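Student: Could you take me through one part of this model slowly, namely its pockets and the helices that pack around them? I would like to know what lines each pocket and how the helices concerned meet one another.

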Amino acid sequence: RLIYGKGFQDLIQGFSNLDKKIITNTKLLIIGNGDYKEELEKLSKKLKINKNIIFAGEKNEKEVIELLNITDIFINPSYSEGMPTTVLEAGAIGLPVIATDVGGTRELIQDNQTGILISKKNPDAIASALEFMLKKQNQKHIKDYAKNLNMLVNQEYSYDNMINKFVEVYEGIK
């Protein structure tokens, strides 16, 4: 959903703070729709980075997975979350993740182990984390983050594991 509370304005601002060479060679893909989309498009034009941002619109689950499979990094700049499904999906696919330290996100992203945690409403932190992930000398660390998150998601949050946990809770109620 493209709403203020998802922090996309911070993502766009952070992206615009990157070195111009990085921006020129990078595309920012934003998936979703909502009333805030027009504001985000205006912001990208104002910052003169609109040619490097793709607003993909609303996608079904299969299309989201296809798009995630062609991306290099996943960023969740949200101001609040329960257990972020998007971060789970990115982790299941094996993407390195940058996410704000809110709600259930910190159960998935342990800073510098399964991704990079940043403070919310902080475009500079987004830019810094992105620059770190895009540097060639950091690629081993980034691959380790993605691998660690993938293992965590598959071990702790797979459908089978979640069903087993629910069964345990229900059996404990009897």
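Tutor: Let us begin with the largest pocket of this predicted model, which holds about 1200 Å³ of space. Of the 39 residues that line the largest pocket, those closest to its centre are L29, I31, L68, F74 and I75. Several elements contribute to this lining, since at least two residues each are supplied by α1, β1 (28–31), α4 (61–69), β3 (74–76), α5 (85–93), α7 and α8 (139–156). The largest share comes from β1, which gives four residues to the lining of the largest pocket. When the lining of the largest pocket is sorted by class, 21 residues are nonpolar, nine are polar and nine are charged.

The second largest pocket can be read in the same manner. About 320 Å³ of space lies in the second largest pocket, and 13 residues line it, the closest to its centre being L88, E89, A92, Y157 and Y159. The elements that give two or more residues to this lining are α4, α5, α8 and α9 (159–173). Here α5 gives the most, with four residues in the lining of the second largest pocket. By class, the lining of the second largest pocket has eight nonpolar, three polar and two charged residues.

Both α4 and α5 give residues to the lining of the largest pocket, and they are also among the elements that line the second largest pocket, so it is worth asking how these two helices meet. The axes of α4 and α5 come within 10 Å and cross at roughly 55 degrees, and α4 and α5 are therefore oblique to each other. The handedness of the crossing, as α4 passes α5, is right-handed. In the contact itself, V64, I65, L68 and N69 from α4 meet E89, A90 and I93 from α5, and these residues divide by class into five nonpolar, one polar and one charged. Two names here have already appeared, for L68 is one of the residues closest to the centre of the largest pocket, while E89 is one of those closest to the centre of the second largest pocket.

Two further helices, α1 and α7, also supply residues to the lining of the largest pocket. The axes of α1 (residues 8–16) and α7 (residues 123–134) come within 7 Å and cross at roughly 55 degrees, which makes α1 oblique to α7. This crossing of α1 and α7 is right-handed. On the side of α1 the contact involves D10, L11, Q13, G14 and F15, which meet P123, I126, A127 and L130 in α7. Sorted by class, the residues of the contact of α1 with α7 are six nonpolar, two polar and one charged.

Finally, α1 also packs with helix α3 (residues 37–46), at an angle of about 15 degrees and with the two axes 10 Å apart. That angle makes α1 roughly parallel to α3, and the crossing of α1 and α3 is right-handed. The residues F8, Q9 and I12 in α1 meet L40, L43 and S44 in α3, and the contact of α1 with α3 comprises four nonpolar residues, two polar ones and no charged ones.

Methods: Residues are numbered from 1 along each chain as its sequence is written. This is a predicted model: local features need pLDDT of at least 70, side-chain atom pairs count only at pLDDT 80 or more; totals for chains, interfaces and linings use all residues. Side-chain values use heavy atoms; hydrogens and water are left out. Axes are lines fitted to C-alpha atoms, for helices over the stretch in contact, and angles run from 0 to 180 degrees between N-to-C directions. Angles under 35 degrees count as roughly parallel, over 145 as roughly antiparallel, 65 to 115 as roughly perpendicular and the rest as oblique. A crossing is left-handed if the near helix is turned anticlockwise from the far one by less than a right angle, and right-handed if clockwise. Contact means heavy atoms within 4.5 Å. Ala, Val, Leu, Ile, Met, Phe, Trp, Tyr, Cys and Pro count as nonpolar, Asp, Glu, Lys and Arg as charged, and the others, Gly among them, as polar. On a 1 Å grid over the protein atoms alone, a cavity is a set of points where a 1.4 Å probe fits but cannot get out, and a pocket is an open set with protein on both sides within 12 Å along at least five of seven lines; lining residues have an atom within 4 Å of a point. Grid points are joined across faces, edges and corners, and a volume is the space filled by probe spheres set on the points.
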